[in-house]
Amino acid sequence: MSTPEFEQFKTNIDYARRLITGGKALEGIRGLSAANYGDLAAAEPADLYRAAWSQAVAALDHWMHQALIERVARLTNDTGNDRPAALKRLAIPFEVAERMHEEAIEDVLREYLREELGRTSYQKSQRITEGLRLVTTDSPSTIWNTVGGRLGMPASAVKERQDAIIRRRNRIAHHADLDHVGRRTPMSAAEAEAAVDWINDLAEAISHVLK
């Protein structure tokens, strides 16, 4: 069963796909050389593809934060099962613990987690592992074997693919997608679609770990 957090993720992924559609449309317009399109002629379809790539990564990161917060909040009321070791080690400031005497524990915890987890980006495979270890007793290898099984890939290949996606996203976000000699790396609609599809499928697979 889907969650509100995952439905929001899907909405964000749909937005990324619409950016790619816009880039394709722009390519088509620029291919019509007989007309004068003014400032639109200077627009780069590849920039919309890069925006779609970044949007998909942001969608994954946002969903991971929201899903982890909700999962941890539920685990605080789950007294019948052993809690994950990483969750047991989660340090909560004294002033936050004090608030729990007068306010709903789940509300206080959610507020604290939004600030605490907000310092981490759940994009690279290692960071995703750290986040999931807060809400599952599975080992890192079990987590990625489960994800890889859903994707039909070895765990190592899944992590390598994800980390490559993030390296490109970081180059787009921080270096305008320029290489070491200052040339912008080309991006096609097919490349952007593959990246967005990958992020979507990865999140689907991770959602089974969260269940």
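**Exercise 1. How much surface does the chain expose, and what share of it do carbon and sulfur atoms supply?**

Solution. Keep in mind that you are working with a predicted model. Start with the area: about 11700 Å² of the chain is exposed. Next comes the share, and here carbon and sulfur atoms supply 50% of that area. To round off the picture, turn to the residues: the chain has 211 of them, and 38% count as buried.

**Exercise 2. Describe the secondary structure and the overall extent of the chain.**

Solution. Begin by counting elements: the chain holds nine helices and zero strands. Reading from the N terminus, you get α-α-α-α-α-α-α-α-α. Then look at the C-alpha trace, which spans about 70 × 40 × 40 Å along its principal axes. Finally, consider the contacts between residues at least 6 apart in sequence: 73% of these join residues at least 24 apart.

**Exercise 3. How far apart are the mean positions of the positive and negative charges?**

Solution. First take the two sets, 28 positive and 31 negative charges. Then compare their mean positions, which lie 5 Å apart.

**Exercise 4. Work out how helix α6 is oriented against helix α7, and which residues meet.**

Solution. Locate the pair first: α6 covers residues 125-132 and α7 covers residues 140-151. Their axes come within 10 Å and cross at roughly 110°. Angles of 65 to 115 degrees count as roughly perpendicular, so α6 is roughly perpendicular to α7. Now go down to the residues. On the α6 side, S125, I128, T129 and L132 take part, and they meet P140, I143 and W144 of α7.

Key
Residues are numbered from 1 along each chain as its sequence is written. This is a predicted model: local features need pLDDT of at least 70, side-chain atom pairs count only at pLDDT 80 or more; totals for chains, interfaces and linings use all residues. Side-chain values use heavy atoms; hydrogens and water are left out. Helices (H or I, at least four residues) and strands (E, at least two) are DSSP runs, numbered from the N terminus. Buried means under 20% relative accessible area, exposed over 50%, partly exposed in between (1.4 Å probe, protein chains only). Contact means heavy atoms within 4.5 Å. Accessible areas come from the Shrake-Rupley method with a 1.4 Å probe; for residues, only the protein chains shown count as cover. Lys and Arg count as positive and Asp and Glu as negative; His and the chain ends are not counted. The place of a charge is taken as NZ of Lys, CZ of Arg, CG of Asp or CD of Glu. Axes are lines fitted to C-alpha atoms, for helices over the stretch in contact, and angles run from 0 to 180 degrees between N-to-C directions. Angles under 35 degrees count as roughly parallel, over 145 as roughly antiparallel, 65 to 115 as roughly perpendicular and the rest as oblique.
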